[in-house]
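Colleague: I've got the new model on my screen and I'd like to go through it with you. Let's pull it up and start with the strands.

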Amino acid sequence: MTDRTPPHGYDIGLTDYGDTGFSRYLRRGFARSTGLSEKMLEKPIVGIATTRSDFNNCHRYMPELAEAVSRGVLAAGALPRAFPTISLGEVNLNPTSMMFRNLMSMDTEEMIRAQPMDAVVLIGGCDKTVPAQLMGAVSAGRPFVQLVTGPMSTSRHRGERVGACTDCRRYWGQFRAGTLDSEEIGAIETRLAATAGTCSVMGTASTMAAIAEILGVALPGSATIPAVDSARLAMAERCGEVAVELIRTPIAPREIVTAKSVENALRGLMAIGGSTNAILHLTAIAGRAGIRISQARLNAISDETPTIVNLKPVGEGYMEDLHAAGGIEAVLHELRPLLHLDTRTVEGRSLGDLLSAPPAWVDRAFIRPAQDPVSPLGGLIALRGSLAPNGAIFKRAAATPALFETEGRAVVFDGLEDLATRIDAPDLDVAAGDILVLKNAGPVATGMPEAGYLPIPRKLAQQGVKDMVRISDARMSGTAFGTIVLHVSPEAGVGGPLAAVRNGDRIRLSVAEKRIDLLVPQEEIDRRLAAIAPPPRPRRGYRALYARSVLQAEEGCDFDFLLPPPEA
Ligand code: FES
Ligand code: MG
């Protein structure tokens with residue numbers, strides 16, 4: 001680290017006071033107060049973005065991971081400096097964690113930019129934290145490595161394997177239908193999330209970990225190592241080392257996040273049966289690098305990419321099974337003929353180089369061969385039609401094929417409160433073949449909560465109805481399943497046609513045609529929409545900024561002012 005012409009380490013960005021010498025003297029003086037010797041002060045710096053919080057159980061081992069990263073940084077000859085950013089613990093945030101993803105991305109971007117660091121290791125895990133960190137780091141432009149906290153390990157209830165949180169929903173469904181009593185559901189509660197780490201199925205956190213690995217911003221093999229496995233600490237150490245290599249031989253984030261690596265990530269998303277939320281997040285991450293994901297391309301990729309990973313909620317296994325089966329590298333090996341192999345990873349290698357030799361062993365119970373897949377098609381598709389002129393997302397892999405071509409009567413809920421009050425009412429006018437519609441749960445209206453997994457009305461659940469077509473402008477958890485149309489755009493809250501739907505209207509879903517239509521004449525839809533007053537918007541603070549600046553789902557719900565200028 002001898003030929004360092006540009007300022008590095010504590011000398012980065014010394015512009016305050018207009019007297020560089022004084023700024024340097026002051027900064028070094030204060031750094032001394034942390035106990036650093038002269039030798040340490042001269043070194044380049046690797047920032048470590050940490051996200052520990054008592055409200056974020058998924059990041060419980062953050063201090064140990066940060067310590068392991070520090071070890072790797074020191075051993076490679078640089079100075080580690082850990083710093084906090086906000087942390088988003090999925091289930092503890094009101095009204096929805098989604099509302100704070102962009103805030104965390106701004107925190108991450110600005111703290112990387114503002115503080116003196118030559119490279120950065122980002123440690124995140126829970127659903128919104130990895131997307132937020134990637135969005136921020138791509139915008140900040142400094143070399144970085146993403147490290148995830150890793151998935152939870154499973155537990156047991158009465159001999160059955162249990163893991164967050166597809167099982168949470170299955171058991172809760174049984175409780176609602178009256179086949180499980182409150183004592184047993186209480187016992188299950190103690191087993192759902194038994195270790196540190198992120199949800200143990202192919203939910204949003206696992207999907208984003210896989211996407212980070214496929215994009216090339218996380219190290220090969222790092223997505224799936226269980227949170228509590230010692231191999232994760234060794235991987236953290238290696239991340240520190242790679243960050244130092246990135247100072248010696250810089251690779252800008254935009255050399256890694258490219259149109260080709262984003263396409264690879266989309267393919268990977270299909271192959272793993274990943275979360276619907278990942279479409280929003282990948283769109284937003286790509287958007288920060290000036291890359292757009294078109295719905296036509298998304299559908300083309302979905303139609304030609306088989307689903308090969310057999311994990312819940314689409315299949316049977318848990319993340320620990322995927323890890324033991326060979327992890328993301330083994331998945332990518334199956335997809336090799338479909339991938340762009342000239343993309344780069346943070347280690348400077350090409351994907352083709354990484355996949356040059358087949359994995360030594362693959363457990364075919366969880367990673368199917370591309371020729372004999374879980375499904376010959378990808379898990380997610382975009383729909384369009386008169387109900388969603390700018391698109392909607394449908395997870396066909398987690399839906400009921402018998403409902404793929406459905407025309408039914410709309411049963412409409414005006415918002416989250418209306419849904420909560422009426423869904424279980426004994427006098428609700430609803431039958432098994434109806435289509436449940438939820439309005440006003442989109443990004444501008446409410447921050448887009450995971451309310452799209454509308455419960456089956458209790459009276460139908462008790463009759464044994466397990467699935468119905470459900471439509472909304474909301475999201476759904478990556479761990480959920482059902483015949484559910486999400487992310488309808490434009491949302492009802494900004495006057496999308498969803499706002500015009502009334503009880504008794506006919507709606508038609510066609511998965512074969514990738515369409516979602518409101519079977520009401522367009523003039524009538526327009527007439528109804530013209531009569532609806534726009535709902536009031538928040539007027540102060542972050543919520544006002546959010547409602548004013550958030551883009552619709554097809555643009556990843558980023559803020560309009562965070563996209564790079566078109567020419568950049
Ligand atoms: Fe954090 Fe599921 S709650 S990953
Ligand atoms: Mg989730």
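Colleague: How many bridges join strand E7 to E8?

Modeller: First, this is a predicted model: local features need pLDDT of at least 70, side-chain atom pairs count only at pLDDT 80 or more, and totals for chains, interfaces and linings use all residues. Residues are numbered from 1 along each chain as its sequence is written, while chains are lettered from A and ligands numbered from 1 in the order in which they are written. Strands (E, at least two residues) and helices (H or I, at least four) are DSSP runs numbered from the N terminus, and two strands pair if DSSP finds at least two bridges between them. E7, residues 380-385, runs antiparallel to E8, and the number of bridges joining them is five.

Colleague: Which residue of E8 stands opposite Ile381?

Modeller: E7 and E8 make a hairpin, with two residues between them. Across that pairing, the residue opposite Ile381 is Phe394.

Colleague: And which residue of E12 faces Ile393?

Modeller: E8 also pairs with E12, residues 484-489, in the antiparallel sense over three bridges. There, Ile393 stands opposite Leu486.

Colleague: How many of the eight residues of E8 are buried?

Modeller: A residue is buried if 20 or more other C-beta atoms lie within 10 Å of its own, exposed if 12 or fewer do, and partly exposed in between, with C-beta atoms placed from the backbone. E8, residues 388-395, is mostly covered on that count. Its buried residues number six.

Colleague: Staying with E12, which residue there has a positive phi despite not being glycine?

Modeller: Its phi is near 55 degrees. It counts as buried because it has 30 C-beta neighbours inside 10 Å. The residue, found in strand E12, is His487.

Colleague: What is phi for Met448?

Modeller: Met448 is in the loop between helix H18 (443-446) and helix H19 (458-462). With 30 other C-beta atoms within 10 Å, Met448 is buried. Its phi is positive in a residue other than glycine, near 65 degrees.

Colleague: What is omega for the Ser489 to Pro490 bond?

Modeller: Pro490 is in the loop between E12 and strand E13 (506-510). The peptide bond leading into Pro490 is cis, with omega near -5 degrees.

Colleague: Which residue does a cis peptide bond join to Lys312?

Modeller: Omega for that bond is about 5 degrees. The partner is found in the loop between H13 and H14. The residue is Pro313.

Colleague: Leu311 is in that loop too. Is it buried or exposed?

Modeller: The loop runs between H13 and helix H14 (319-325). Counting contact as C-beta atoms, placed from the backbone, within 7 Å, and leaving aside neighbours within four places in sequence, Leu311 touches residues including Val201, Gly273, Tyr318 and Phe366. With 25 C-beta neighbours inside 10 Å, Leu311 counts as buried.

Colleague: Zooming out, how far apart are the centres of domain 1 and domain 3?

Modeller: The bounds come from an automatic or database domain assignment. They give domain 1 (43-151 + 196-354), domain 2 (155-189) and domain 3 (381-535). Taken over C-alpha atoms, the centres of domain 1 and domain 3 are separated by 32 Å.

Colleague: Which element gives the largest share of the side of domain 1 that touches domain 3?

Modeller: The contact takes 22 residues from domain 1 and 21 residues from domain 3. Elements giving two or more residues to the domain 1 side are H4 (98-114), H8 (204-215), H12 (277-288) and H13 (295-304). The largest share, four residues, comes from H13.

Colleague: What does UniProt list for residues 366-557?

Modeller: The entry is unreviewed, and UniProt annotations may be inferred rather than shown by experiment, with positions in the numbering used here and feature names shortened. The span is 18% helix and 24% strand, and its end C-alpha atoms lie 33 Å apart. The record's name for it is "domain: Dihydroxy-acid/6-phosphogluconate dehydratase C-terminal".

Colleague: Last one: what is the radius of gyration of the chain?

Modeller: The chain has 21 helices and 14 strands, and 53% of its 568 residues are buried. The radius is taken over C-alpha atoms, and the globule rule is 2.2 Å times the number of residues to the power 0.38. For 568 residues a compact globule would come out near 24 Å, and the chain agrees, at 24 Å.

Note on methods. Two residues are in contact if their C-beta atoms, placed from the backbone, lie within 7 Å.
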